Amino acid sequence: MPKRYAAVGMVEFSSIAAGIDGADQMVKAAQVEPVFFKTICPGKFVAAVSGEVAAVTASIGAGRAQHPETVVDWFVISNIHEDVVRALTGTSGPAGRKALGIIETFSAVSIVVAADAAVKAANVQLMDVRIALGLGGKGYALMTGDVAACQAAVAAGSAEAAEHGLLVSRIVIPSPADSVFSQIA
């Protein structure tokens, strides 16, 4: 990955208008770079920024303060795993077919935190992190590796989401069918 992220932060807003205004405040409050600003289902907005930890923390604080009644979820992750950023930005490489780990959360932002915990906990390849587009506001992460690694990664990521009451489901499929794996990989 050409760019190293000291920190990444995201705010999920229940209002698109408030989210755009919040994103504007975020980039004005501190020296950060947008990772993405986008609408998500169901009619929400996510603002993600990167930069030095203090700048990202200040930026996220400014975004949250702009319209606090619309903040659904938020985070700041220092030293985010580069596979998470790749998966979010659609630049993950092809995955080798092994066991398949899946984590599903109630919010778009919480899946990013869960995915980061998962890939830091075990030797898995993060295949995809999907946030809320066509998912009714949910998020999910797909990872592959040997069965034990997938189990450890899914357990770690799921524990992070469950701690905040945002875990929907967690599953490890030891030997996914070729046709299933090729359709989702």
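**Close-up views of a four-stranded sheet and two helices**

**View 1. Strand 5 and strand 7 lie side by side in this predicted model.** Strand 5, made of residues 99-105, and strand 7, made of residues 139-145, run antiparallel and are joined by seven bridges. Within this pairing, Gly-101 stands opposite Met-143, a residue of strand 7.

**View 2. Helix 4 and helix 5 pack on the strands.** Helix 4 lies across strand 5, strand 6 and strand 7, and its direction runs at about 170° to strand 6. Helix 5 also packs on the sheet, where it touches strand 5, strand 7 and strand 8, and its direction makes about 5° with that of strand 5.

**View 3. The open sheet is built from four strands.** The strands follow the order 6-7-5-8, and their pairing is antiparallel. Strand 6 (125-131) and strand 8 (167-173) stand at the edges with a single partner strand each, so one side of each is left without a neighbour in the sheet. On average, and with direction ignored, neighbouring strands of this sheet are turned by 10° against each other.

**View 4. Helix 4 and helix 5 pack against each other.** Two packed helices are described by the angle between their axes and by the distance between those axes. For helix 4 (residues 108-121) and helix 5 (residues 147-163), the angle is about 145° and the axes are 7 Å apart, while the crossing of the two is right-handed. From helix 4, Val-113, Ala-114, Ala-117, Ala-118 and Ala-121 meet Ala-152, Ala-153, Ala-156, Gly-157, Glu-160 and Ala-161 of helix 5. The residues of this contact divide into nine nonpolar, one polar and one charged.

Note on methods:
Residues are numbered from 1 along each chain as its sequence is written. This is a predicted model: local features need pLDDT of at least 70, side-chain atom pairs count only at pLDDT 80 or more; totals for chains, interfaces and linings use all residues. Side-chain values use heavy atoms; hydrogens and water are left out. Axes are lines fitted to C-alpha atoms, for helices over the stretch in contact, and angles run from 0 to 180 degrees between N-to-C directions. A crossing is left-handed if the near helix is turned anticlockwise from the far one by less than a right angle, and right-handed if clockwise. Contact means heavy atoms within 4.5 Å. Ala, Val, Leu, Ile, Met, Phe, Trp, Tyr, Cys and Pro count as nonpolar, Asp, Glu, Lys and Arg as charged, and the others, Gly among them, as polar. Two strands pair if DSSP finds at least two bridges between them.
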